[in-house]
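Please look through the structure below, with attention to where nonpolar side chains are gathered, both inside the protein and on its surface.

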Amino acid sequence: MKLKNIVIVSTFVAGNLFALSASSVTLYSGAPGNLAAGPNAIANISLLSAGSTVNYSITAYVTNPNLSQSNPYNGALSIYSTTSVGSTRVGNSGSLTFGTSAVTLTGSFVTTADGLMLGWGGAGSIGAGGTTWTLTNLVVTSGSSSSVDLTPNAYALRSVYNVQSAALNAGLSYDCNVFDKEGMCLSTGGRYSVATSPETTTTSGLLIGSYKYDKNVRLGAWVDQNLSVKNVDGIKLNNSQPLFGVFGVWSERNDGLGYEVKVSAGYGDKDVTVTRTSTNEGSSKIQSRGIQTVSSYGISIDGDWIAAPYVGVKYTSLKRGSYVEGGSSGALTYDTLRQETTAALAGVKFTGKIDPQTFAVVSAGVETDLGTNNGQYSAGSSNTIVFNANPQRTRPVVSAGVYYDIDKTQRLGVNATVRQEAFESTSSTSVLATYTVGF
């Protein structure tokens, strides 16, 4: 079994443990960010009496392991006796091992004396001098609690958001621009998308059509239907309803030169089932919607190549609806979970002839958030965690494709796009293969 699958399974099991009573106090909840071997002060805390139980859930990874140390990947969470990390440690998580990819660890320890400071550093006597960690999510509570650790399910659910984001963004780029006497274009094919950390894949069939309204304007629509999904543990994304969308393009010329403006929109619902324990699971819908406008200007370079710098604005929204778990014991009611982004787009696309019947398209760009609304993963006030503790507000996007004209009305194409997703250390790749015919 792959290491990341072991991590997902083990944290999934850990996340299903219930504590004994309802006397929990939150000492810290947030994203400390980059921390060195330390010790580092994270936060002053309310007076924590000797003998207190400290519970923690921490998502982190090593950013700069000092390989000269015996254990450069080990860190520790500590409670200190005063508001200085130079004071005596009165409680310690023990050695916590993280790799260079984010994982979530949970646990607890008991304080031996009163404490006033939460800190982080190299574990025990190891020190791990020179090593740095990135802590993307940390929740620390004291006492026993009736709350449930939602971290494993939240980590698994972000794979659904990532792969749906990849599908929606692919749809917003769909086009059909091979025409004949009737001014009609039809394109069919398939899309394969994979999202990382954790990995989820989808394979879809797609159909794109457009109509050439006049010599400068074409209007079109598309449908993208999942055929198969490879899910992570605890999550089942169904193939249910398709994504669908519309687009309109105005081009100053028909040869790729000059100004072009494209407006596109997409929408879809997918059923998703989340399993928390062997008896507690629930189903809801993931709603995907987006709208994008992009303007470009094509410039002839080196004879057979065109460079088209572009700018644009895009709004996307991914929303999982509220739902109630099944099960006679310990069932939770989940609030709606949203991830909304308005982003500015900029980049350049190159199109050029390889031979008389074959041409290539290569593009590189960046998306920068203008505004976001990232919700919390919540099943009531006592069961709430940050869903995206460290959103990536600037994200690169690159794509490359090759197209072959069978004749003037038929075209084969293959295109791949790689993009950074909104969650830290995650990306998606989408590959499209299409056959296009003009009428």
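In this predicted model, isoleucine 299 counts as partly exposed because its relative accessibility is 40%, a value that falls between the 20% limit for buried residues and the 50% limit for exposed ones. Isoleucine 299 is part of strand S17, and it belongs to a nonpolar surface patch that also contains Trp250, Tyr259, Val261, Val263, Ile291, Tyr297, Ile301, Phe350 and Val362, the accessible area of the whole group being about 840 Å². Strand S16 (258-275) and strand S17 (281-301) each give at least two residues to this patch, and S17 provides the largest share, with four residues.

From the surface one can turn to the interior, where the largest nonpolar core comprises 26 residues, and where Ile42, Ile58, Phe98, Leu118, Trp120 and Val140 have the most contacts inside that core. Two or more residues apiece come from a series of strands, namely S1 (25-30), S3 (40-48), S4 (53-62), S5 (74-80), S8 (103-110), S9 (115-122) and S10 (132-142), with S4 contributing the largest share, five residues.

Isoleucine 58 offers a closer view of this region: apart from neighbours within four places in sequence, its contacts are Leu96, Phe98, Val103, Thr104, Leu105, Trp120, Leu135, Asn137 and Leu138. Separate from this core is a second one, made up of 25 residues, among them Leu150, Val160, Tyr323 and Ala379.

Methods
Residues are numbered from 1 along each chain as its sequence is written. This is a predicted model: local features need pLDDT of at least 70, side-chain atom pairs count only at pLDDT 80 or more; totals for chains, interfaces and linings use all residues. Side-chain values use heavy atoms; hydrogens and water are left out. A nonpolar core is a set of buried Ala, Val, Leu, Ile, Met, Phe, Trp, Tyr and Cys residues joined through side-chain atoms within 4.5 Å. Buried means under 20% relative accessible area, exposed over 50%, partly exposed in between (1.4 Å probe, protein chains only). Contact means heavy atoms within 4.5 Å. Patches are made of residues with over 30% relative accessible area and no salt bridge: like charges are joined within 9 Å, nonpolar side chains (Val, Leu, Ile, Met, Phe, Trp, Tyr) within 5 Å. Accessible areas come from the Shrake-Rupley method with a 1.4 Å probe; for residues, only the protein chains shown count as cover. A salt bridge is a side-chain nitrogen of Lys or Arg within 4 Å of a carboxyl oxygen of Asp or Glu.
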